[in-house]
Amino acid sequence: MMKEKRVRVSPLSHEAREVVETHGKLMLLVNTKDKGPFNDWDDQVLMRPVISSPYQYWFRNGIDIEFELT
């Protein structure tokens, strides 16, 4: 597990836009993996909202979101 880093998310998919509308554009990058829950994409990231939230979200980098370190 990597140290969480604060990132700014730019949503590309409908699902990612819903997450950003609910929790905001700033998130914590929890983990990056070549193989996460998506079978069709290798570059996957696990993020969680900066605000206290029990939820974490997997995204496909370049399809669902793009992000930059803040």
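**Exercise 1. Decide whether Arg 48 is buried, partly exposed or exposed in this predicted model, then describe its salt bridge.**

Step 1. The relative accessible area of Arg 48 is 22%. Buried means under 20% and exposed means over 50%, with partly exposed in between. Arg 48 is therefore partly exposed.

Step 2. The salt-bridge partner of Arg 48 is Glu 4, and the closest N and O atoms of the two are 2.9 Å apart. The cut-off for a salt bridge is 4 Å.

Step 3. Glu 4 belongs to the segment before β1, while Arg 48 belongs to strand β3 (residues 44-49), so the salt bridge ties together parts that are 44 residues apart in sequence.

Step 4. Glu 4 has a relative accessibility of 33%, so Glu 4 also counts as partly exposed.

**Exercise 2. Find how many salt bridges the structure has, and describe the one formed by Arg 60.**

Step 1. The count comes to two salt bridges.

Step 2. One of them joins Arg 60 to Asp 64, with 3.0 Å between the closest N and O atoms.

Step 3. Both Arg 60 and Asp 64 are buried.

Step 4. Arg 60 has a further interaction to record. Its charged end sits over the ring of Phe 38, at 5.0 Å from the ring centre.

**Exercise 3. Work out the order of the strands in the sheet and say which strands stand at the edges.**

Step 1. Five strands make up an open sheet, and their order is β4-β3-β2-β1-β5. The pairing is antiparallel.

Step 2. The edge strands are β4 (57-60) and β5 (65-69). Each has a single partner strand, so one side of each is left without a neighbour in the sheet.

Step 3. From one strand to the next, the twist averages 45°.

**Exercise 4. Go through the sheet pair by pair, giving the number of bridges and an example of facing residues where β1 meets β5, and likewise for the other pairs.**

Step 1. Start with β1 (residues 5-11) and β5, which pair in the antiparallel sense over five bridges. Here Ser 10 has Glu 66 of β5 as its bridge partner.

Step 2. Next, β1 pairs with strand β2 (residues 26-33), again in the antiparallel sense, over four bridges. Lys 5 has Leu 29 of β2 as its bridge partner, and Val 7 stands opposite Met 27 in β2.

Step 3. Then β2 and β3 run antiparallel and are joined by six bridges. Asn 31 faces Leu 46 in β3, and Lys 33 faces Gln 44 in β3.

Step 4. Last, four bridges join β3 to β4, and these two strands run antiparallel. The bridge partner of Val 45 in β4 is Phe 59.

**Exercise 5. Explain why β3 is largely enclosed by the rest of the structure.**

Step 1. Look at the burial of its residues. Five of the six residues of β3 are buried.

Step 2. A residue counts as buried if its relative accessible area is under 20%. With five of six residues buried, β3 is therefore largely enclosed by the rest of the structure.

Step 3. Compare this with Arg 48 from the opening exercise: at 22% this residue is partly exposed.

**Exercise 6. Locate Tyr 55 and describe its surroundings.**

Step 1. Tyr 55 is in the loop between β3 and β4.

Step 2. Set aside the neighbours within four places in sequence. Tyr 55 is then in contact with Arg 48 and Pro 49.

Step 3. Search the whole structure for aromatic pairs; there are two. One of them consists of Tyr 55 and Tyr 57, with 6.5 Å centre to centre and 35° between the planes, and this pair is tilted.

Step 4. Through ring pairs, Tyr 55, Tyr 57 and Phe 59 are linked into a cluster.

Step 5. For a distance across the chain, take Gly 24. Its C-alpha atom and that of Tyr 55 are separated by 13 Å, with the two positions 31 residues apart along the chain.

**Exercise 7. State where Ile 51 is found and whether it is buried, partly exposed or exposed.**

Step 1. Ile 51 is found in the loop between β3 and β4.

Step 2. Its relative accessibility is 48%, so Ile 51 counts as partly exposed.

Step 3. Ile 51 and Lys 25 are 26 residues apart in sequence, and their C-alpha atoms are 11 Å apart in space.

Definitions and conventions. Residues are numbered from 1 along each chain as its sequence is written. This is a predicted model: local features need pLDDT of at least 70, side-chain atom pairs count only at pLDDT 80 or more; totals for chains, interfaces and linings use all residues. Side-chain values use heavy atoms; hydrogens and water are left out. Two strands pair if DSSP finds at least two bridges between them. Axes are lines fitted to C-alpha atoms, for helices over the stretch in contact, and angles run from 0 to 180 degrees between N-to-C directions. A salt bridge is a side-chain nitrogen of Lys or Arg within 4 Å of a carboxyl oxygen of Asp or Glu. Buried means under 20% relative accessible area, exposed over 50%, partly exposed in between (1.4 Å probe, protein chains only). Rings of Phe, Tyr and Trp (its six-membered ring) pair if their centres lie within 6.5 Å; planes under 30 degrees apart count as stacked, over 60 as edge-to-face and the rest as tilted. A charge sits over a ring if NZ of Lys or CZ of Arg is within 6 Å of the ring centre and within 35 degrees of the ring normal. Contact means heavy atoms within 4.5 Å.
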